[in-house]
Structures are given as C-alpha cells and as structure tokens.
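Thank you all for making the time this morning. I would like to walk you through one structure, going slowly from one site to the next, and I will put it on the screen now.

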Amino acid sequence: MIFSPESQSFPVMDSVPSTPTTRTTLSRCVRISLAAGAPPAPPAFNTFAGYPSVNSVPLWSEIVVEVTGAPKRGIGYVTSLAQIDQATRLAAADAFPQGIDSALQPRTAISSKLTELSSGISAHLGHPIARLTWRVSPYHHYSWDRSMPTTTTLSCQFEFAAAHRLNDPDLTAEENLALFGKCNRPNGHGHNYRLEVAVLPPHGPLFGMADLERVVAGTVLDRFDHRNLNVDCAEFATLNPTVENIAAVCFDLLRPMLAEEGVTLQRVTVWETAKTSATVEVAT
Ligand code: NI
C-alpha cells in the first residue's frame, strides 16, 4: 500500500523488515589533573572541572573512553558511567603514581602510557574498551584503538584565514546566486578555518606533534593562510572552494608529504565555521 495524503492513513507493510544489526558506542570524558605529586585517585568531588582540584597550575587532561556493546535489557546502559569514571581514575592512578612526568617523552613513552591506561581501564571495568583518547590540550590528542592496539594516533589542530567565493562556472549567474546565496558575492568573503589532522606515525623513527606541525605548516598553512583561495591558489583555479573541497585538497596535499616521513595520514577535518565542517579519510 502506498501512502498518500488522500488516504489519511499510514501504510500497512506487507512484511516486517528484519532488524538491522547495530552497534552502540558509549563515550565518556573523564577530566583529570595529572600534576606532579597529585595522583588522580578517586573519589572525585568536581568531575565537571576535573579532579584532583586545581590548586596551582595543573597538568590538566581529558581522557575519553569509548565502550562498545548493546544496552543491557532493563537498565539500558552499555556500561555504567560511574564505573567508567572509577575505572579511569584508578587506571590513571596506577599509570601515574606520582602524577604525570612533565618530561613524558618521547612518543614511545606516550604510546606505552596509552596502552597501559587502556588495559588498566579495561581491567578495572571487567571488559575491554574500544577506544581511548587522551586530550592533552584542547588542540592536541593522542588516541588508541582496540583494532590497532600497538598504534597511537596523533591529532593536532591548526587555523588559517582565507577568502573564497563559491561559484560554479557551468551554472548561470542566476543559478549560482540561487544555489550559493551570499557565498556567491563577486568579491568573496573570509573564514577563519580550523584544520585537524590525524596521523599514524611509524613504529620506528620518532614523529611527534612538533613534526606534524612542521609538515602541516609547510604544506597547507604557508599555501593557504591569508590568501584568496580562488585567485591565489592553483588548487582552486578550477575547483570550487567549498569546505568539502578544501578538506579534500588538504588531504591530497598532506598524504604524500607525510608518507615521505613514513607517516600514514588517517583523517583531515576542516571547520569553516563552528557549525560547519567536512572530514576526509580513506574509505574502508
Ligand atoms: Ni564561505
């Protein structure tokens, strides 16, 4: 039966569709101060701002734990949030018994701490977690994924300011105006773009955040920052500089440059505004 407004009734299906197999991932952020000499053991009094309390200048982190599974019948939880909080704080206390070592370098030490944290949280929870992200600043994070347990992903954010105009030369002026609106104004307009680049470094040689920043600055920021993308940048001479295309161009520019250093580009996200972003990654 086909629904039509005239029928004023909902369709009756001939057969009940099979329930698709789904997977639920629960994500929980635990804010934690890892200042030296302040082991982050429970209990926590202010989980919003982070615990232990900030009495001086803390080494503040967010540890984001992801757990995959089906919500339990009745209670509806995949895992209790209180259990994740407790497990994360206990694992952090185990991993950083004297607080964090501010000279926690090189990257292999960070990787081993991520592995230690993820296995510690899994042990305290009683089942394996799927993913762990350690946000060491609002702009930098390391992450661990159960599917690649010996690999640490580095992610870093950047910004560049650029002007652009959205216009498709195959459309008429009227069609362009109707499609792109104010973004089609002839002299363009600007954005402060934010860029996040996530990479898988090589197992052998060290490749840290500073190396990632060097490559991104030389490959993307120097090329696009304070430019008119349509006029100044050959990449957009025949390519409309939408946020989708900017992310794709950044990905295509960065991938070979990173590969030269043995680094695999995992993902590029470009925010045009706080509300609009595009992500490009290799399809799986
Ligand atoms: Ni725009």
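Before I point at anything, let me fix one term: when I say salt bridge, I mean a side-chain nitrogen of Lys or Arg within 4 Å of a carboxyl oxygen of Asp or Glu. Please also keep in mind that what you see is a predicted model.

With that term in hand, let me begin with Glu-261 and Arg-214, whose side chains meet in a salt bridge with an N to O distance of 3.0 Å. Glu-261 sits in the loop between helix H6 (243-259) and strand E8 (264-273), while Arg-214 belongs to helix H4 (residues 209-224), so this pair ties together parts of the chain that are 47 residues apart in sequence. Are these two residues buried, or are they partly exposed? Glu-261 has a relative accessible area of 32%, which puts it in the partly exposed class, and Arg-214, at 44%, is partly exposed as well.

A search of the whole structure finds eight salt bridges, and I will take you through two others. Glu-62 pairs with Arg-31, with the closest N and O atoms 2.9 Å apart. Since Glu-62 lies in strand E2 (residues 60-69) and Arg-31 in strand E1 (residues 24-33), the pair ties together parts that are 31 residues apart in sequence. The two partners fall into separate classes of accessibility: Glu-62, at 14% relative accessibility, counts as buried, whereas Arg-31 is partly exposed, with a relative accessible area of 22%. The cut-off that matters here is that buried means under 20% relative accessible area.

The other one is the salt bridge between the side chains of Asp-145 and Arg-131, at 3.2 Å from N to O. Asp-145 is in strand E4 (residues 140-145) and Arg-131 is in strand E3 (residues 131-137), and the two residues are 14 residues apart. Glu-66 comes in here too, as salt bridges that share partners join Glu-66, Arg-131 and Asp-145 into one network.

Let me return to helix H4, this time together with helix H6. In general, two packed helices are described by the angle between their axes and the distance between the axes. For H4 and H6, the axes come within 10 Å and cross at roughly 140 degrees, which makes H4 oblique to H6. The crossing of the two helices is right-handed. On the H4 side, the contact is made by residues including Leu-212, Val-216, Val-220 and Phe-224, and on the H6 side by residues including Val-249, Leu-253 and Met-257.

If you follow the chain back from H6, you come to Glu-235, which is found in the loop between helix H5 (229-232) and H6. Which residues does Glu-235 touch, once its neighbours within four places in sequence are left aside? Glu-235 is in contact with Arg-223, Phe-224, Val-249 and Leu-253, and these four residues are also among those that make the contact between H4 and H6. Glu-235 itself is partly exposed, with a relative accessible area of 23%. Its C-alpha atom is separated by 9.1 Å from that of Ile-246, eleven residues away along the chain.

In the loop between H4 and strand E7 (227-228), please look at His-226. Its phi is near 55 degrees, a positive value in a residue other than glycine, and His-226 is exposed, with a relative accessible area of 66%.

Now to the metal. Which protein residues are the donors of the nickel ion? They are His-164, His-189 and His-191, each through its NE2 atom, lying 2.0 to 2.1 Å from the ion. Along the chain, these donors follow the spacing H-x24-H-x1-H. His-164 lies in strand E5 (residues 148-164) and His-189 in strand E6 (residues 189-200), so that pair ties together parts that are 25 residues apart in sequence. His-164 counts as buried at 1% relative accessibility, while His-189, at 22%, is partly exposed.

Let me close with the chain as a whole. The chain has six helices and nine strands, and buried residues make up 41% of its 284 residues. Of the contacts with a separation of 6 or more, 65% are between residues 24 or more positions apart.

How values were computed: Residues numbered from 1 in each chain as written. Predicted model: local features only at pLDDT ≥ 70, side-chain atom pairs only at ≥ 80, totals over all residues. Heavy atoms only, no water. Donors = N, O, S within 2.8 Å, 3.2 Å for Na, K, Ca; no water. Buried < 20%, exposed > 50% of the residue type's maximum accessible area, 1.4 Å probe, protein only. Axes fitted to C-alpha atoms, helices over the stretch in contact; angles between N-to-C directions. Parallel < 35°, antiparallel > 145°, perpendicular 65-115°, else oblique. Left-handed = near helix turned anticlockwise from the far one by under 90°. Contact = heavy atoms within 4.5 Å.
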